[in-house]
Amino acid sequence: MDQTDPRSPEARRPPEARRSFEELVAEGAAVPTEGWDFSWFEGRAGEQRPSWGYARSAAGRLARATAALDIQTGGGEVLDFALGAAAPARPALLAATEGWPPNAARATALLRPRGAVVVSAADDAPLPFADGAFDLVLSRHPVRPHWDEIARVLRPGGTYFAQHVGPASVFELVEHFLGPQPERSRRARHPDRERADAERAGLRIVGLRAERLRMEFHDIAAVVHFLRKVVWLVPGFTVEAYEPRLRALHERIEAEGPFVAHSTRHLFDARRPDR
C-alpha cells in the first residue's frame, strides 16, 4: 500500500453520496487478489514504508550478483521493480520460487522478459536448487524463512537480503476479528528469534533493522480486500463468516475516521561464511 493518505475519496463525498456497507463490502470482495500489487488501495488505505527502501536496496545487490534467487516472489512485482532499477546490470543466472499457482503464472509472465525462471515450489518445501547455486538470495515477506535451505543454496560468501514481517503485525485488525491473541502469537516472527535460527543454520548476521509503521484503512472495502489478500491474518476469512464484525468496523470508520493499525518489518542482511 502507498504512504498514508490523510483523506480518502470516500471521506470527501457528501453524506448522501456515500456508498452503503453492502456496496463497499461487495466491491472489496470482487477485487482480484493475485500478486503483490497493492495499487488498488491508493486513496482508501495506506501504510508507511520502512526507511531502508527494500526494493531499491535489492536493486543494488542484484546489480553486483552473478546468480540470484528470489524466494516466494508472489506475482514477481518487487523483483521486477528491483531488476528495472538495476538495469542494465543483472545476474547471469536469475530464478524465483512461488507456491501459489495463480501467482506463479503471473510472475512467469512478468519476469520471463527479465531473463528469470520462475519455479513452482511450496512455501514449506526444500528449495529445488543445487547446493551453493547462488551468491544472492532475496525474499520480501516470506511466510517463514527456511534458514537451513537458504544457507544450503548460498555459495560461501553469499548473501541473504530480505524484508520480513515482524511480530504482532497489524494485530489491531487481527484482534478486532479474532479477539485478544496469546503472547505466543504476538511474539511469533520476532527478529531476535529469527536471528538465532539463522545463526544455527550457519549464517552470520551482518545487519538487522526493525521498524513499526502506521497503517490506515479508510473504508470497509479496503479491509475486506486486505484480509482476502493477506490470508494468514484472519485464517478462513469470508465476508459471510465475519459480517457482524465487518459491520461494526464499518460503523466505527464512518463515525470516527480511518481505522489505525501498525505493521512491523525487519531487514535481514546475512552472509554464509567463506569457510
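Start with the second largest pocket of this predicted model: select Phe171, Ser185, Ala188, Arg189 and Trp232, which lie nearest its centre among the 15 residues that line it. The elements that give two or more residues to this lining are α7 (171-178) and α8 (183-187), and α7 gives the most, with three residues. If you colour the lining by class, you should find nine nonpolar, four polar and two charged residues, arranged around a pocket with a volume of about 290 Å³.

Next, move to the largest pocket, whose volume is about 1,000 Å³. Its lining is made up of 42 residues, and the ones to select in order to find its centre are Trp36, Phe38, Val78, Arg140 and His141, which lie nearest to that point. Four elements give two or more residues to the lining, namely α3 (54-64), α4 (77-86), β6 (154-165) and α10 (220-229). Coloured by class, the lining of the largest pocket shows 18 nonpolar, twelve polar and twelve charged residues.

Now stay with α10, and select residues 220-229. Is this helix enclosed or open to its surroundings? Nine of its ten residues are buried, so α10 is largely enclosed by the rest of the structure. The buried ones are Ile220, Ala221, Ala222, Val223, Val224, His225, Phe226, Leu227 and Lys229. To see what surrounds them, show α2 (21-30), β1, α7, β7 and α11 (243-256), because these are the elements against which the buried residues of α10 pack.

Two of those neighbours, β1 and β7, lead to the next stop. Select strand β1 (residues 45-47) together with strand β7 (residues 204-217), and you will see them pair in the antiparallel sense over three bridges. One of the pairs to look for is alanine 45, whose bridge partner in β7 is phenylalanine 217. Then add strand β8 (residues 259-271), which also pairs with β7 in the antiparallel sense, over 13 bridges. Within this pairing, leucine 213 stands opposite serine 263 in β8.

From the strands, turn to a single residue, asparagine 103, which is found in helix α5 (residues 101-111). Is asparagine 103 buried or exposed? Its relative accessibility is 5%, and because a residue under 20% is classed as buried, asparagine 103 counts as buried. Leaving aside residues up to four places away in sequence, asparagine 103 touches Glu34, Gly35, Trp36, Gly74, Gly75 and Glu98. Trp36 may be familiar from an earlier stop, as one of the residues that lie nearest the centre of the largest pocket. You can also draw a distance between the C-alpha atoms of asparagine 103 and glycine 76, which are 27 residues apart along the chain and separated by 8.0 Å.

Finally, clear the selections and look at the whole protein, in which there are eleven helices and eight strands. Along the principal axes, its C-alpha atoms fill a box of roughly 65 × 40 × 30 Å. How does the radius of gyration relate to that of a compact globule, and what is its value? A compact globule of 275 residues would have a radius of gyration near 19 Å, and the protein has 20 Å, which agrees. Of the 275 residues, 49% count as buried. Among contacts between residues at least 6 apart in sequence, 76% join residues at least 24 apart.

How values were computed
Residues are numbered from 1 along each chain as its sequence is written. This is a predicted model: local features need pLDDT of at least 70, side-chain atom pairs count only at pLDDT 80 or more; totals for chains, interfaces and linings use all residues. Side-chain values use heavy atoms; hydrogens and water are left out. On a 1 Å grid over the protein atoms alone, a cavity is a set of points where a 1.4 Å probe fits but cannot get out, and a pocket is an open set with protein on both sides within 12 Å along at least five of seven lines; lining residues have an atom within 4 Å of a point. Grid points are joined across faces, edges and corners, and a volume is the space filled by probe spheres set on the points. Ala, Val, Leu, Ile, Met, Phe, Trp, Tyr, Cys and Pro count as nonpolar, Asp, Glu, Lys and Arg as charged, and the others, Gly among them, as polar. Two strands pair if DSSP finds at least two bridges between them. The radius of gyration is taken over C-alpha atoms; the globule rule is 2.2 Å times the number of residues to the power 0.38. Buried means under 20% relative accessible area, exposed over 50%, partly exposed in between (1.4 Å probe, protein chains only). Contact means heavy atoms within 4.5 Å.
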